[in-house]
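Please keep the sequence and the model side by side while reading, since the paragraphs below move back and forth between the two.

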Amino acid sequence: MSVAIGTEARSLGRRAGARRRAASLAIPLLIAVLAVAAIVALSFGAAGIPLSRLPAALGLSGETTAMTARDQLVLWSIRVPRIAATAMVGGLLAAAGAIMQGLFRNPLADPALVGVSSGGALAAASAIVFTDSRFGETLRFLQTELLPLAAFAGSLATTAILYGVSSRSGRTSIAVFLLAGVAITAIANAGIGLLVFIADDRQLRDITFWMLGSMSGVTWAKAAVLAPILVIGLAACTFIARGLDLLVLGEADAFHGGVDVERLKRVSIVMVSAMTGVAVSISGVIGFVGIVVPHLLRLVIGPAHRLLLPASVLSGAILMVGADTLARTIVAPAEMPIGILTAAVGAPVFLLILLRQRGLASL
């Protein structure tokens, strides 16, 4: 018996040591992988730019030819802002998923899966139809600014409803949480369906964009909308990481550990809403990024949110940049909606997570 216990202890020690080593290398490695993914994304697309011409297109050499001018136009007007926005969207969605999973204390929480993204998309689609109608024509020139605000408001309302429905006496029911997410998603989709019914052709194309998810048409102005939310979100993550770690033990233990639990809940809900709402306003509904990335990272680097949250941002950026590059090239010169690719990868992973969590079926 003592030999078995000693063997098990040594095995646990080796696994813990391997996890600490992986955690110490995680951030530098993810930064390097993101840089490689961005370089590959710069080269591939309908207008391909070979790696040999990339330095000149980026202005790193003094070469000035007609081909260089063409490459620079493609890079700086289309591809660079798109890659930057795609990386930020992926980082925001992954971080929002990690925060939700920590807040609700289950690995199945995801802004898209439980309807937060759909709520933001419904609000954004409503803004599209309203500003293009005769009632909102006076606000039409503010449509670009109104979309992020509307998506944020929709995501905030959805998150608050979800938390209120699934929590009772300070405890969150996973079963009610998931079922409430399904119901909220259905309600949001019904609202979007109604907007599709009353929309004209141009509005219909815009609404379809929200449903499928795409990074086409991204400009520097849209990328600039994402940057402040990402910076503020990263700064806020450093303040809530310890609270989320203690919240895993339960709200009572977290409170006795010095965490203002209710304040942590409010801050986390606002962060998830802001991150998801702004991301949805740029990319549309893109599912499974927020559930796949944090779950896989926990298996590699552990559950500590101090490292998990920034690693989720980088990993989500890598996933989205890679998926967007594939979406631009797999059916070139056409473009596949990126939401199709993330769902194709994320749905099987979600099923694997469900198989690992079969004990939840008893709830």
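**A walk through the predicted model**

Glutamine 101 is buried, with a relative accessible area of 3%. This residue belongs to helix α3, and the model in which it is seen here is a predicted one. When residues up to four places away in sequence are set aside, glutamine 101 touches Asn106, Pro107, Ala109, Gly290, Ile291, Pro294, His295 and Arg298.

From this starting point it helps to step back to the whole chain. The protein contains 13 helices and two strands, and 49% of its 363 residues count as buried. Among contacts with a separation of 6 or more, 74% are between residues that lie 24 or more positions apart.

The next topic is the nonpolar interior. In soluble globular proteins, nonpolar side chains tend to be buried together. Here the largest nonpolar core has 74 residues, and those with the most contacts inside it are Val89, Ile99, Met100, Leu226 and Met275. Helix α3 gives the most to this core, contributing 18 residues. Isoleucine 99 can serve as an example of how such a residue is surrounded: leaving aside its neighbours within four places in sequence, isoleucine 99 is in contact with Cys237, Ile240, Leu244, Ser268, Met271, Val272, Met275 and Leu309. Separate from the largest core there is a second one of 17 residues, which includes Ala121, Ala199, Ile207 and Trp210.

Several of these names return in the packing of two helices. Two packed helices are described by the angle between their axes and the distance between the axes. For helix α8, which spans residues 220-247, and helix α12, the axes come within 8 Å and cross at roughly 150°. Because an angle over 145 degrees counts as roughly antiparallel, α8 and α12 are therefore roughly antiparallel to each other. Their crossing is right-handed. On the side of α8 the contact is made by Leu230, Leu234, Cys237, Ile240, Ala241, Leu244 and Asp245, and on the side of α12 by His305, Arg306, Leu309 and Val313.

Helix α12 also takes part in the charged pairs, and the structure holds five salt bridges. In one of them the side chains of aspartate 324 and arginine 82 meet, with 2.8 Å from N to O. Aspartate 324 lies in helix α12 (residues 305-329) and arginine 82 in helix α3 (residues 66-104), so this pair ties together parts that are 242 residues apart in sequence. Both aspartate 324 and arginine 82 are buried. Which residue besides arginine 82 forms a salt bridge with aspartate 324? The partner is arginine 328, with the closest N and O atoms 3.3 Å apart. Aspartate 324 and arginine 328 are four residues apart in helix α12, and therefore they are separated by about one helical turn. Arginine 328 is buried, as is aspartate 324. Through shared partners, salt bridges join Arg82, Asp324, Arg328 and Glu335 into one network.

Another of the salt bridges brings together the side chains of lysine 265 and glutamate 262, with 3.3 Å from N to O. These two residues are three apart in helix α10 (residues 261-283), so about one helical turn separates lysine 265 from glutamate 262. Are the two partners buried or exposed? Lysine 265 has 5% relative accessibility and therefore counts as buried, whereas glutamate 262, at 44% relative accessibility, counts as partly exposed.

Helix α10 also holds threonine 276, which is buried with a relative accessible area of 0%. Setting aside neighbours within four places in sequence, threonine 276 is in contact with Ala96, Pro111, Val116, Ser117 and Ser155.

The walk ends in a loop. Phenylalanine 288 is placed in the loop between α10 and α11, the latter helix covering residues 289-301. The phi angle of phenylalanine 288 is near 75°, a positive value in a residue other than glycine. With a relative accessible area of 19%, phenylalanine 288 is buried; the value is to be read against the cut-off, since buried means under 20% relative accessible area.

Technical notes
Residues numbered from 1 in each chain as written. Predicted model: local features only at pLDDT ≥ 70, side-chain atom pairs only at ≥ 80, totals over all residues. Heavy atoms only, no water. Salt bridge = Lys/Arg side-chain N within 4 Å of Asp/Glu carboxyl O. Buried < 20%, exposed > 50% of the residue type's maximum accessible area, 1.4 Å probe, protein only. Core = buried A, V, L, I, M, F, W, Y, C linked by side-chain atoms within 4.5 Å. Contact = heavy atoms within 4.5 Å. Axes fitted to C-alpha atoms, helices over the stretch in contact; angles between N-to-C directions. Parallel < 35°, antiparallel > 145°, perpendicular 65-115°, else oblique. Left-handed = near helix turned anticlockwise from the far one by under 90°.
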